[in-house]
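Got your viewer open? Load the model, keep the selection box handy, and follow along stop by stop.

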Amino acid sequence: MTERRHGLARIQVAATLRRMREQAGVTRDAAARELYCTVSKIGDIETGRSGVKPAELEKLLDLYRVTGEDRDELIETARESRSRRKREAGPSIPTSQRRYLDLETHARSLTFFSPELLPGFLQTDGYAREILEWSGGVNVAEADWKMALRAERRKNLARTDPAPTSCWCILGEAAIRANVGGPVAMAEQLEYLLEWSKTIRHLVIQVLPLGSGVHGFMGMTHTLLRFDPPARDILHVDTHPRNVFFDNETDVKAAADELELMKAKAIGRDESMELISRVLRDYKEMSGHAALE
C-alpha cells in the first residue's frame, strides 16, 4: 500500500468515527471515559492525528452501537491505516509529524498566515537551518528529520498526480524583511518564493503590509486545512512551545472568516510579487556591500 493510501485510510476512519459518535449522541467526554483516556486524545483520533488501536476501535463501536457491514468496513479500513509504511533511507520522521504531513497531503486546500515566518514548505534549506539553530535545543538528528519533513512538504506542493493541495499563503511583511540568516540567505529565500509563485499555479502568496492594523491572528501562525466530506476541516495554530489543533465547527468557521478578512487586508498577488522583488533587490544590494567590506 502506498503512503498516500495509508494516510487516506486513517483520515477516513477519523471522519467516520466522528460521524458515528455524533449520530449516536455520544459526547467526546463519554468516549474518553470509555477508553480511559483524555478528551484531547479522542479529538486527535477524530482528526486523524492519532491512530486508533484495534481494541480501542472495538470499544468505541460498541459504545456507538455500530453493527453489521458498517462495523466490518470500518475495521477493515482501520487495518489498512495501520499497515506499515515502506521504510525509507535517510532521517526518520516521527510518527506525529508524519501524521500532520498526511493531513496536509490529503487536504483539498490549505490557507496559511504568519506575521513573521514563512511556511515550512516554502523555506529554503539556508532559511530553515537558521530557524532551527535559533530555536535552540535541537540536536543533529532532530534537525535532520525536520529538514526531511520540509522536503516532503515541498514535494507535495509540486506534485501533479494526484492533484496537489491548493495553497494560499498570507505573509506579514515582517516575514520578508526579517533578515533570517543575513542578506545572502534572505535573497536566496525571496528568489525561491518568486520562482515558486511563478511556476506553481495552485499557490497564491499575498503580503500583509506593515501598518495594516489590529487583526485576530496577531503573534500567531495559523493554518486552515479543508477536506472533502465526510472529513471535517481542521485549524492548526502554532504557538510556542506547542501546536494546537481545532476541529470544532464554530472555531474553524471563525478562523476561516478571519482569514478571508486577512486576504482582503493584504495587497494583491501581483502587487505582493512586486513588493517581494523590491525587498529582494535591497537584500542583494546589502549582500554586495557586505562582500566589499
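## Stop 1: a lysine over a ring

Select Lys263 and Trp168: Lys263 lies over the face of Trp168, at 4.1 Å from the ring centre. A charge counts as sitting over a ring if NZ of Lys or CZ of Arg is within 6 Å of the ring centre and within 35 degrees of the ring normal.

Before you move on, some ground rules. This is a predicted model, with residues numbered from 1 along each chain as its sequence is written. Local features need pLDDT of at least 70, side-chain atom pairs count only at pLDDT 80 or more, totals for chains, interfaces and linings use all residues, and side-chain values use heavy atoms, with hydrogens and water left out.

## Stop 2: colour by confidence

Now colour the chain by pLDDT, the predictor's confidence in each residue, from 0 to 100. The protein chain has a mean of 87, and 90% of its residues reach 70 or more. Where is confidence lowest, and where is it highest? The low end is helix α1 (residues 3–23), at a mean of 77, while strand β3 reaches 97. Helices (H or I, at least four residues) and strands (E, at least two) are DSSP runs, numbered from the N terminus.

## Stop 3: three strands

Select residues 166–172, which make up strand β2. Of its 7 residues, 5 are buried, and buried means under 20% relative accessible area, with exposed over 50% and partly exposed in between (1.4 Å probe, protein chains only).

Add residues 109–114 to see strand β1, which pairs with β2 in the parallel sense over 6 bridges; two strands pair if DSSP finds at least two bridges between them. Look for Phe113, which stands opposite Ile170 in β2.

Next, add residues 203–208: that's β3, and β2 pairs with this strand too, again in the parallel sense over 6 bridges. Here Gly172 stands opposite Leu208 in β3.

## Stop 4: helix α10

Select residues 183–199. At 1.5 Å times one less than the number of residues, the 17 residues of helix α10 should span 24 Å, and its end C-alpha atoms are indeed 24 Å apart. Its buried residues include Ala185, Leu190 and Leu194.

Zoom in on Met186, which is in this helix. Is Met186 buried or exposed? At 0% relative accessibility, Met186 counts as buried. Measure from its C-alpha to that of Ile176: the two are 10 residues apart in sequence and 8.0 Å apart in space.

## Stop 5: aromatic pairs

How many aromatic pairs does the structure hold? There are 3. Rings of Phe, Tyr and Trp (its six-membered ring) pair if their centres lie within 6.5 Å; planes under 30 degrees apart count as stacked, over 60 as edge-to-face and the rest as tilted.

Select Tyr100 and Phe245, a tilted pair at 6.0 Å centre to centre with 55° between the planes. Tyr100 lies in helix α6 and Phe245 in strand β6, so the pair ties together parts that are 145 residues apart in sequence. Both Tyr100 and Phe245 are buried.

Then pick Tyr192 and Trp196, also tilted, at 5.4 Å centre to centre and 45° between the planes. Being 4 residues apart in helix α10, they are separated by about one helical turn. Trp196 counts as buried, at 13% relative accessibility.

## Last stop: the cysteines

A search for disulfides (pairs of cysteine sulfur atoms within 2.5 Å) finds 0 in the whole structure. Select Cys167: the nearest cysteine sulfur, that of Cys169, is 5.9 Å away. Cys167 is buried, at 5% relative accessible area, whereas Cys37 is partly exposed, at 21%.
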